[in-house]
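Biologist: Could you give me a close look at just one part of this model, the annotated sites and their surroundings? Take your time and keep it connected.

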Amino acid sequence: MFTITKEVYFCYGHRLMNHAGKCRHLHGHSVKASISIQQEQLNADGMVCDFADIRACVESYVDEYLDHNFLLHKNDPIIPMLTAQNERFMALDEHPTAEVLSKMLYHHIKQAGFNVAQVTLWETASAYASYRED
Ligand SMILES: Nc1nc2c(c(=O)[nH]1)N=C([C@H](O)[C@H](O)COP(=O)(O)OP(=O)(O)OP(=O)(O)O)CN2
Ligand SMILES: [Zn+2]
């Protein structure tokens, strides 16, 4: 089994509504997503797939939904204020944690046809979450 990994960087603002500590306040992250693709066999070019194809797939999703966006739970009371100010945000059914965001990226990449093994989202230099389906 071969596995390749591509890293993509972007940033977002968010808050975790029910967090007991500082993360319930509005704040932002400059993050790294690490996307691993696996295949039993290499293609005719000797690759699992081209790193550039992974980047294009991930960046199209990131640019549309995540990068420089504000990620909020759908029940966050700040949403009406952002709407009134014509500010950009995305309301999620789940809390915008690193776990949830790595799962969202995983599903997009899988739906695009890649044999994705795992997505890891580094939210800070010391904290990351991974999603995979075994
Ligand atoms: N399981 C999770 N825990 C936390 C998440 C998360 O997504 N999943 N998110 C946050 C905050 O949004 C943010 O990521 C803060 O994380 P933390 O590691 O506490 O950040 P710090 O830089 O302050 O931590 P240091 O220990 O000072 O490096 C919180 N928890
Ligand atoms: Zn955070």
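Modeller: Here is a walk through the annotated residues, the ligand shell and the elements around them.

Bear in mind that this is a predicted model, where local features need pLDDT of at least 70 and side-chain atom pairs count only at pLDDT 80 or more, while totals for chains, interfaces and linings use all residues. Residues are numbered from 1 along each chain as its sequence is written, and chains are lettered from A and ligands numbered from 1 in the order in which they are written.

Let's start with the strands. Helices and strands here are DSSP runs numbered from the N terminus (H or I, at least four residues, for helices; E, at least two, for strands). Strand β1 (residues 2-14) runs antiparallel to β2 (residues 27-39), with 13 bridges between them; two strands count as paired if DSSP finds at least two bridges. One of the partnerships puts threonine 5 opposite serine 36 of β2. β2 also pairs with β5 (residues 116-124), again antiparallel, over six bridges, and there isoleucine 37 is matched with valine 116.

Now the annotations. UniProt's unreviewed entry lists His14, His27 and His29 under "binding site"; its positions are given in the numbering used here, feature names are shortened, and annotations may be inferred rather than shown by experiment. Those three are spread over 16 residues of sequence, yet they cluster in space, with a largest C-alpha distance of 8.2 Å.

Histidine 14 sits in β1 and is buried, with 26 other C-beta atoms within 10 Å. To spell that out, buried means 20 or more other C-beta atoms within 10 Å of the residue's own, exposed means 12 or fewer, and partly exposed is in between, with C-beta atoms placed from the backbone. Beyond its neighbours within four places in sequence, histidine 14 is in contact with Phe70, Leu71, Leu72 and Pro96, contact being C-beta atoms, placed from the backbone, within 7 Å. Histidine 27, in β2, counts as exposed because it has 11 C-beta neighbours inside 10 Å. With the same sequence neighbours left aside, histidine 27 is in contact with Gly13 and Arg15.

The same record gives Cys23, His68 and Glu123 as "active site", also from an unreviewed entry. Cysteine 23 lies in the loop between β1 and β2 and is partly exposed, having 16 C-beta neighbours inside 10 Å. Outside four places in sequence, cysteine 23 is in contact with Arg15 and Leu16.

Cys23 and Glu123 both turn up around ligand 1, along with Leu16, Thr97, Ala98, Glu99, Thr124, Ser126, Ala127 and Ala129; a residue is counted there if its C-beta atom, placed from the backbone, lies within 6 Å of the molecule. The shell divides into five nonpolar, three polar and two charged residues (Ala, Val, Leu, Ile, Met, Phe, Trp, Tyr, Cys and Pro are nonpolar, Asp, Glu, Lys and Arg charged, the others, Gly among them, polar). At least two residues of the shell come from each of α3 (98-111), β5 and β6 (127-131).

Histidine 68 is in the loop between α1 and β3, just after α1, with a positive phi of about 55°. With 12 C-beta neighbours inside 10 Å, histidine 68 counts as exposed. In α1 (residues 51-66), the buried residues are Ile54, Cys57, Val58, Val62 and Leu66. Down the axis of α1 they fall within an arc of 125°, so they line one face of the helix; that arc is taken over the directions from the helix axis to the C-beta atoms. The buried residues of α1 pack against β1, β2, β3 (69-73) and α3, whereas exposed Ala52, Ala56, Ser60, Asp63 and Glu64 are carried on the face turned away.

How values were computed
Contact = placed C-beta atoms within 7 Å.
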